[in-house]
Amino acid sequence: MIGESFGAHLLRSILEERLEQVIGVMFLCPWIPDIEQKLPHREVIIRDEKFLSTINKDEFEGFDYMAVTETEDAYIRFTRDILPGIKLGDGQYMDTLESDIIIDRNVIYEKPALFLMGKQDHVAGYEAAFKLMEQYPRATYTVLDSCGHNAQIERVNLFEVLVSDWLERVNYD
């Protein structure tokens with residue numbers, strides 16, 4: 001199972017109910033509201049001004065809010081892979097759902113796990129994930145530099161290598 005951002009919060013809750021059925025978990029830029037942490041300041045690390053001057057300003061707002069690697073490749077991936085979900089999302093429903101989620105920090109998940117975070121993720125941060133290490137003893141924890149809240153579009157090569165490694169561990173477990 002894979003959970004990104006708020007989905008990672010949901011995944012932790014689902015995992016408690018289905019612990020024996022889940023053979024591997026991946027937390028992508030996980031939002032972990034039950035653990036206090038300091039969020040990094042928003043900082044764009046890579047910015048392609050020439051390309052950015054050519055794009056749709058309305059779509060750029062959503063991209064600009066989360067991305068710290070503002071390149072053509074990251075923008076194309078954002079509009080193809082992330083923006084459609086944002087447009088379909090029901091924020092009001094998610095707000096009501098959030099209050100119903102209960103997390104048990106005593107659950108220990110002893111199968112392959114991957115925590116993949118962005119060092120410049122000002123939306124979800126990365127520090128809280130490290131406070132879960134005892135709950136996920138077989139987890140790989142990675143914080144990627146030049147990466148915000150969407151690691152899969154900002155650091156594609158490292159994302160693919162780390163996910164492949166996690167899938168291999170899940171396959172052989």
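C29 sits in the loop between β2 and β3 (46–47), where helices (H or I, at least four residues) and strands (E, at least two) are DSSP runs numbered from the N terminus. The phi angle of C29 is near 45 degrees, a positive value in a residue other than glycine. As a general matter, most residues other than glycine have a negative phi, and most peptide bonds are trans. C29 counts as buried because its relative accessibility is 0%; buried means under 20% relative accessible area, exposed over 50%, and partly exposed in between, with a 1.4 Å probe and protein chains only.

Before I continue, a word on the model. It is predicted, so local features need pLDDT of at least 70 and side-chain atom pairs count only at pLDDT 80 or more, while totals for chains, interfaces and linings use all residues. Residues are numbered from 1 along each chain as its sequence is written, and side-chain values use heavy atoms, with hydrogens and water left out.

A second residue with a positive phi is S146, at a value near 55 degrees, and S146 is likewise not a glycine. S146 belongs to the loop between β6 and α7. With a relative accessible area of 12%, S146 is buried.

The loop between β6 (139–144) and α7 (151–154) also holds H149. Is H149 buried or exposed, and why? H149 is buried, because its relative accessibility is 4%. Its side chain makes a polar contact of 2.7 Å with the side chain of S5. A polar contact is a pair of N or O atoms within 3.5 Å; within protein, one must be able to donate a hydrogen and the other to accept it, and residues adjacent in sequence count only if both atoms are side-chain atoms. The side chains of H149 and D121 are also joined by a polar contact, of 2.8 Å. Not counting residues up to four places away in sequence, H149 touches E4, S5, C29, M66, D121, V123, A124 and E154, where contact means heavy atoms within 4.5 Å. C29, with which I began, is thus among the residues touched by H149.

I turn now to the open space. The largest pocket has a volume of about 600 Å³. Of the 21 residues that line this pocket, the closest to its centre are S5, F6, I86, M94 and H149. Two or more lining residues come from each of α1 (6–17), α3 (57–66), α4 (72–88) and α5 (91–98). The largest share, 4 residues, comes from α5. The lining divides into 9 nonpolar, 8 polar and 4 charged residues.

The terms are as follows. On a 1 Å grid over the protein atoms alone, a cavity is a set of points where a 1.4 Å probe fits but cannot get out, and a pocket is an open set with protein on both sides within 12 Å along at least five of seven lines; lining residues have an atom within 4 Å of a point. Grid points are joined across faces, edges and corners, and a volume is the space filled by probe spheres set on the points. Ala, Val, Leu, Ile, Met, Phe, Trp, Tyr, Cys and Pro count as nonpolar, Asp, Glu, Lys and Arg as charged, and the others, Gly among them, as polar.

How many cavities of 30 Å³ or more are there? The count is 1. The largest cavity holds about 40 Å³ of space. Its lining consists of R12, L15, E16, I103, D104, V107, Q135 and Y136, which divide into 4 nonpolar, 1 polar and 3 charged.

Q135, from that lining, is placed in the loop between α6 and β6. Q135 counts as buried, because its relative accessibility is 8%. Leaving aside neighbours within four places in sequence, Q135 is in contact with R12, D104, R105, N106, V107, I108 and Y109.

Y136, also in the cavity lining, leads to the largest nonpolar core. Of the 19 residues in this core, V25, F27, F115, L132, Y136 and Y141 touch the most other members. At least two core residues are supplied by each of α1, β2 (25–28), β5 (113–118), α6 (127–130) and β6. A nonpolar core is a set of buried Ala, Val, Leu, Ile, Met, Phe, Trp, Tyr and Cys residues joined through side-chain atoms within 4.5 Å. Y141 touches F115, M117, A129, F130, L132, M133 and Y136, not counting residues up to four places away in sequence.

I close with G3, in strand β1 (residues 2–4). G3 is buried, because its relative accessible area is 2%. Beyond its neighbours within four places in sequence, G3 is in contact with A8, L11, M26, F27 and L28.
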